[in-house]
Amino acid sequence: VQLQASGGGLVQAGGSLRLSCVPTGDTLSMRAMGWFRQAPGKAREFVAGISRSGGSTSYADSVKGRFTVSKDNAEKTMYLQMNSLKPEDTAVYYCAEGAYISSLARRYEYWGQGTQVTVSS
């Protein structure tokens, strides 16, 4: 399984972006998936996660109320809608797939290549 993340870009503070993640390869259905981000000089951190069915979600405190994770199992696509973006949201955003939602990166088996999100002040 390979994951393709896209949708990053440069946006002003207060703006919005929507990231997409599409798994390719031999996969029958999407399992639990998550978004992580890594800013320069910082550790990779959990952003949001969604269960296989899409019925359960989890968010980092720093993005609650601003970001929304969703998935379309028919289209095999996961999304991260990011609103009210702040300069501190600047990072490379990665999508990942695993057996269940977790804030721990090591719980995810497959990772995308990352997409850059830059928020200017």
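Here are a few questions and answers on a sheet and an aromatic cluster in this predicted model.

Local features need pLDDT of at least 70 and side-chain atom pairs 80 or more, while totals for chains, interfaces and linings use all residues. Residues are numbered from 1 along each chain as its sequence is written, and side-chain values use heavy atoms, leaving out hydrogens and water.

Me: Which strands stand at the edges of the open four-stranded sheet?
Reply: Strands here are DSSP E runs of at least two residues, numbered from the N terminus, and two of them pair if DSSP finds at least two bridges between them. The order is 1-3-8-7, with antiparallel pairing. Each edge strand has a single partner, so one side is left without a neighbour in the sheet: that's strand 1 and strand 7.

Me: Which residues of strand 1 are buried?
Reply: Buried means under 20% relative accessible area, with exposed over 50% and partly exposed in between (1.4 Å probe, protein chains only). Side chains alternate along residues 2-6, and Gln2, Gln4 and Ser6 point to the face that isn't buried. The other face has the buried ones, Leu3 and Ala5.

Me: How many residues apart in sequence are the parts tied together by Phe36 and Tyr108?
Reply: Rings of Phe, Tyr and Trp (its six-membered ring) pair with centres within 6.5 Å; planes under 30 degrees apart are stacked, over 60 edge-to-face, the rest tilted. Phe36 and Tyr108 pair edge-to-face, at 5.3 Å and 80 degrees. Phe36 lies in strand 4 and Tyr108 in strand 10, so the pair ties together parts separated by 72 residues.
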